[in-house]
Each structure stands twice: as structure tokens, then as C-alpha cells.
Amino acid sequence: MAFRMPPEWAPHEATWLSWPHNRKTWPDGLEAAQAALAEAVVALAPGERVHINTLEPERVRAFFPGEVAAGRVVLEPIPTDDAWCRDHGAIVVRDGEGGRVALDFRYNAWGGKYPPYDLDDAVPRRMAEALGLPCLSVDMVLEGGSIDVDGAGLLITTEQCLLNPNRNPAMTRSHIEAALGAHLGAERVLWLGEGIAGDDTDGHVDDFARFVAEGVVLAAVEPDPADVNHAPQAARGSR
């Protein structure tokens, strides 16, 4: 069965988030992170439904009681280890008949850097259950932030991340391209080299390059030759 991942700008029903709660991630800024996410939810809620994974419903509801009461914010009783739903959440694609399918890629906290991550790894299937969608498990480590698509067959990613031995050491570039084609509709994979220096995700492409239309990528550049990010970004332009 052929699948296709819609682009970021495609019409959608809802945004799905995971509530920050892990003080190991936010030792000095948990409350600030929660306030920032709450601000984003309030901005989103008038235009679309927002689902939030949390086991602290009363605390979270206090940030936006009106939106919860109106059904614009839905508090999902789904436990998580951390707050990065873009990376650990389900990727919802369309099948050949236009139906929605939730893909459950494996998740290992960016190469096993931040255990435990078993709760995060289980989030996609729990999301699918909540939405009443069929769920397909994919035997491949993949975070949502490591890829971007234009919805017309192009996918961008980085060698630093997807070819990293801490993700899928038994998969070659060809194996990975085949999996991206089969599950996300990628007819061509555009491989960039390295991501932003010091990024714990090993070069997630969503840090610096995104599709803004079919076949059109907007990418960050560092003009200062002395900056550590200058050379990798200059190399991207030559690919």
C-alpha cells in the first residue's frame, strides 16, 4: 500500500503536543517552558483543536480552562518521558484511498542520549487509539524533526542524523531511502550533510531547512566564516 506524508502547510484538523514535566530536561526552566507552550496553545486553539499528552490534567487545564471547556483543547491521558511530540509522536499519512494512517516509527531519544524513553516510544500507538486510526509499526528509528516533505515526492534530511549509527546501524542509505519512499511517499531524498553545531538531535533538518512550497526550500545560512556553522551551511548550497 502506498502512503504519502502531507506537507506542513496542508489543511489539518489539530495540533498534538506533549506537556513539559521532566525537571531533568528543564532543571531551571520548567515553569517557563510550560508558560511558553501554554501561550502557543492559546494562539492555536481559535483556529484548530489542540491535543495535549499529560497525566496532570488539572494543572494543565488551569492554563486555559475556557479552551478545554469549549473542546478546543483536549487533554489526553497519555504518559510521556519528555515534551518533544514532534519527534516521538505519530506521523499521520494518507493511504492510496485518501484515508489516514498513523505510523509508529521507533524512538530512542536521539540515539539513546536521554533514557528512559519507553513511554515516548509508545506515544504513537496511544495517539492512534485516541483518534481511532489504524496504526502501522515501522521497524526504523525516525524522529519527525529529522525530515521534511513537500507533499509532492521530495524529502529532505541530513546524513548526520539518518545515517548515524546510533539510529539504524543495520540500514544502508538505500535501505533508508526505500523505507522513506514506502511509508512517506518520498520519490527522491535530498541528503544534506551536517546540521547545527551542538544540536543534541544529531542534525535535525527542522533546525535550519524547511520546505515552504512544492520544490522550494528555505534554509538558514551563517555568513561569518569564523563561525562553526559557516562551512557546513556553505556545503549545503553546493549539493
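1. The largest cavity in this predicted model has a volume of about 50 Å³. The structure holds two cavities of 30 Å³ or more.

2. Lining the largest cavity are Asp87, His88, Gly89, Ile91, Leu103, Phe105, Arg106, Tyr107, Pro124, Leu142 and Gly144. Two elements, α4 (85-88) and β5, give two or more residues to this lining. The greatest share comes from β5, with three residues. By class, the lining of the largest cavity comprises six nonpolar, three polar and two charged residues.

3. The second largest cavity has a volume of about 30 Å³. Its lining is made up of Arg4, Met5, Val149, Asp150, Gly151, Ala152, Gly153, Leu154, Leu184, Gly185 and Ala186. Here too the classes can be given: six nonpolar, three polar and two charged residues.

4. The largest nonpolar core has 22 residues, and the members that touch the most others are Ile91, Leu142, Leu180 and Leu184. At least two residues of this core come from each of β4 (91-94), β5 (100-106), β6 (135-141), α8 (159-162), α9 (173-184) and β9 (188-192). The element that gives the most is α9, with four residues.

5. Some of these core residues also appear at the cavities. Ile91 and Leu142 are in the lining of the largest cavity, and Leu184 is in that of the second largest. Each of these three is named among the core members that touch the most others.

6. Leaving aside residues up to four places away in sequence, Leu180 touches Met140, Leu142, Leu155, Leu162, Gly185, Ala186 and Val189. Of these contacts, Gly185 and Ala186 also line the second largest cavity, while Leu142 lines the largest one.

7. Another core, of 13 residues, lies apart from the largest one; its members include Leu37, Ala38, Val60 and Val73.

8. Is Ala122 buried, partly exposed or exposed? Its relative accessibility is 38%, so Ala122 counts as partly exposed. This residue sits in the loop between α6 (118-121) and α7 (123-131). Ala122 and Gly185 are 63 residues apart along the chain, and their C-alpha atoms are separated by 24 Å. Gly185 is one of the residues lining the second largest cavity and one of the contacts of Leu180.

Conventions
Residues numbered from 1 in each chain as written. Predicted model: local features only at pLDDT ≥ 70, side-chain atom pairs only at ≥ 80, totals over all residues. Heavy atoms only, no water. Buried < 20%, exposed > 50% of the residue type's maximum accessible area, 1.4 Å probe, protein only. Core = buried A, V, L, I, M, F, W, Y, C linked by side-chain atoms within 4.5 Å. Contact = heavy atoms within 4.5 Å. 1 Å grid on protein atoms, 1.4 Å probe; cavity = no way out; pocket = protein on both sides within 12 Å on 5 of 7 lines; lining within 4 Å. Points joined across faces, edges and corners; volume = space filled by probe spheres on them. Nonpolar A, V, L, I, M, F, W, Y, C, P; charged D, E, K, R; others polar.
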